[in-house]
Amino acid sequence: MVREVDVVVIGAGPVGENVADRAKAGGLDVVIVERELVGGECSYWACVPSKTLLRSAAALRAAQRVPGAAEAVTGELDVAAVLRRRNEWVSDWSDAGGEEWLRGAGIGLERGHARLAGLRRVVVEHADGSTTELAARHAVVIATGTDAAVPDLPGLADARPWTSREATSAQTAPARLAIIGGGVVAVEMATAYAGFGSEVTVLARSSLLGGMEPFAGEAAADGLRGLGASVHLGARLVSAARDDRDQVVIEVEGGEPVVADEVLVATGRAPRTADLGLDTVGLAPGDWIEVDDTLLVAGEPAGEAGWLYAVGDVNRRALLTHQGKYQARAAGDVIAARAAGGLVDDADWGVHVATADHAAVPQVVFAEPECASVGLTEAAAERAGRRTRVLDVPLGSASGSGIHGDGPGGRARLVVDRDRETVIGATFVGPDIAELLHAATIAIVGEVPIRRLWHAVPAFPTVSEIWLRLLEALGRPDAPGDRGASAPDEGAAA
Ligand SMILES: Cc1cc2nc3c(=O)[nH]c(=O)nc-3n(C[C@H](O)[C@H](O)[C@H](O)COP(=O)(O)OP(=O)(O)OC[C@H]3O[C@@H](n4cnc5c(N)ncnc54)[C@H](O)[C@@H]3O)c2cc1C
Ligand SMILES: NC(=O)c1ccc[n+]([C@@H]2O[C@H](COP(=O)([O-])OP(=O)(O)OC[C@H]3O[C@@H](n4cnc5c(N)ncnc54)[C@H](O)[C@@H]3O)[C@@H](O)[C@H]2O)c1
């Protein structure tokens, strides 16, 4: 039997859920297909468990930076309590809440593995081997996310490596953890497990946090070392194996082997498209799926344009939950608009496009210290041929930062477009700076002129006064004597 619906969404991660929600709100009849847990990677094996694993030790360190509070911190981190709190946040890996939310929103759920079966058709294979065929009147949306990519290092696959799934769901902390990779997962998991007291060794083939300003990766490396981790940059790995004592032994070119109880592979992601029936619509199985700014799959899949969308991680535009959900809002709304024959607002920054993917993708790495960035780095701006001014100020130049806590202050950078006189990139590195980021995102997306930013007054004494220090470093427009001048701050830390 074929079940006819307006829209079929494949994958009930945060992105699929949001597409379904918007399309439903637009008056369409929607079915979502999920083969594991409603809520996806983010809720159960990524954002939520990783952040709950990190938070307790970060809170402890924050207290230790404030004399008076520091003296009151007399105990050790209670790792078992951290793991219990993580288990609560992931509902012990039950998606009953997600299922209830779908029911409440009036979105149909088919549990099973979905595959495309030609034009606007999807076949769902259920756990008992039975199938359901879905025919979409208007659109099919692929929101299947990504899996961890495991590199082809000799012996690694047989060494039972952890991926982000095992690292975020472990019920005990290994005594020794080796981590291959230097990106966000590697840095955050190294921070979490070092905080638990594991002996952590990071093996990165280059520097850390490659997509950010170099000073962010340097601070993350220093921070990890400060937590007792070993950080090897530029490491060339030869092989990995589990020995007869169940230890993982990783051979490193020109160095001593690294021996650990577990090895986490954190070397990026691969799209979940290998077994999705992509060949039935003329696309290559296993590939990332290219889309336009309305999230429509490029070309004419199965010979007809305008019905197949790919949203979230799977389109590789920005592998972040918030950015995928942003795409999802645009996709759900444009599907409803196209179904109704309504106006499609697909100009840059229109309702139905994900323009910010190109200009302002915010990201916070919950490292020690936190590293947050949005927009272009200095190097990316240069590659894009933009004429820029780059301003750096120490975080401690805002007295709010010093009052917030003692210790290494961190750094803030703005990348300003000289021709347009607007901010096009920002990076903040320091303790508890995550919440500084959204102001920068608004400045970039709003293309707020620098001369107007001078009127956005940060409250004293908040860490946000770092914005004033950055503007002072830039100089006030039309005040020729003021280039780079900095007015005194009441009580700024050195
Ligand atoms: C360790 C880690 C930490 C992270 N932390 C953050 C963070 O702090 N902030 C942030 O913004 N991002 C973070 N991310 C990234 C974030 O997890 C992803 O960007 C996000 O999950 C993508 O959402 P999605 O819905 O596209 O895919 P997913 O969350 O992967 O969901 C896809 C869903 O599709 C289902 N599915 C796949 N194939 C099929 C099929 N054929 N049939 C039926 N169902 C299918 C899957 O079971 C899954 O439920 C983190 C990632 C990792 C690995
Ligand atoms: N706080 C957050 O926002 C957050 C947290 C975790 C993950 N994420 C997202 O999840 C995605 C995946 O994170 P990730 O850390 O796995 O990927 P990543 O792309 O951030 O980093 C991959 C790292 O692995 C290294 N690498 C790649 N191939 C390798 C190989 N063959 N051998 C050795 N090293 C290799 C790269 O040099 C890089 O350092 C990211 O895009 C990130 O945006 C976000």
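Two residues are in contact if their C-beta atoms, placed from the backbone, lie within 7 Å. Keep that in mind as we tour this predicted model.

Let's begin with Y309. Leaving aside residues up to four places away in sequence, Y309 touches A139, V141, I142, V291, L295, L296, V297, A331 and I335. Y309 also belongs to the largest nonpolar core, which has 151 residues. Within this core, V141, I179, A190 and Y309 touch the most other members. The helix that gives the most to the core is α7 (residues 184-196), with ten residues.

Now look at strand β6, residues 131-142. The table lists its pairings with other strands.

| Partner of β6 | Sense | Bridges | Facing residues |
|---|---|---|---|
| β1 (residues 2-10) | parallel | eight bridges | I10 and I142 |
| β5 (residues 121-125) | antiparallel | five bridges | V124 and T132 |
| β16 (residues 308-310) | parallel | three bridges | V141 and Y309 |

You can see Y309 again here: this residue of β16 stands opposite V141. Strands β5 and β6 form a hairpin with five residues between them. In its turn, G129 has a positive phi of about 90 degrees.

Finally, what surrounds ligand 2? Its shell holds 23 residues, and the closest are P151, G182, G183, V185 and L319. Two elements, α7 and β17 (363-365), give two or more residues to this shell. Helix α7 gives the most, with four residues. Sorted by class, the shell has twelve nonpolar, eight polar and three charged residues. So α7 turns up twice on our tour: the helix gives the most both to the core and to the shell around ligand 2.

Terms used. Residues numbered from 1 in each chain as written. Chains lettered and ligands numbered in written order. Predicted model: local features only at pLDDT ≥ 70, side-chain atom pairs only at ≥ 80, totals over all residues. Core = buried A, V, L, I, M, F, W, Y, C linked by C-beta atoms within 7 Å. Buried ≥ 20, exposed ≤ 12 C-beta atoms within 10 Å, placed from the backbone. Near = placed C-beta within 6 Å. Nonpolar A, V, L, I, M, F, W, Y, C, P; charged D, E, K, R; others polar. Pairing = 2+ DSSP bridges.
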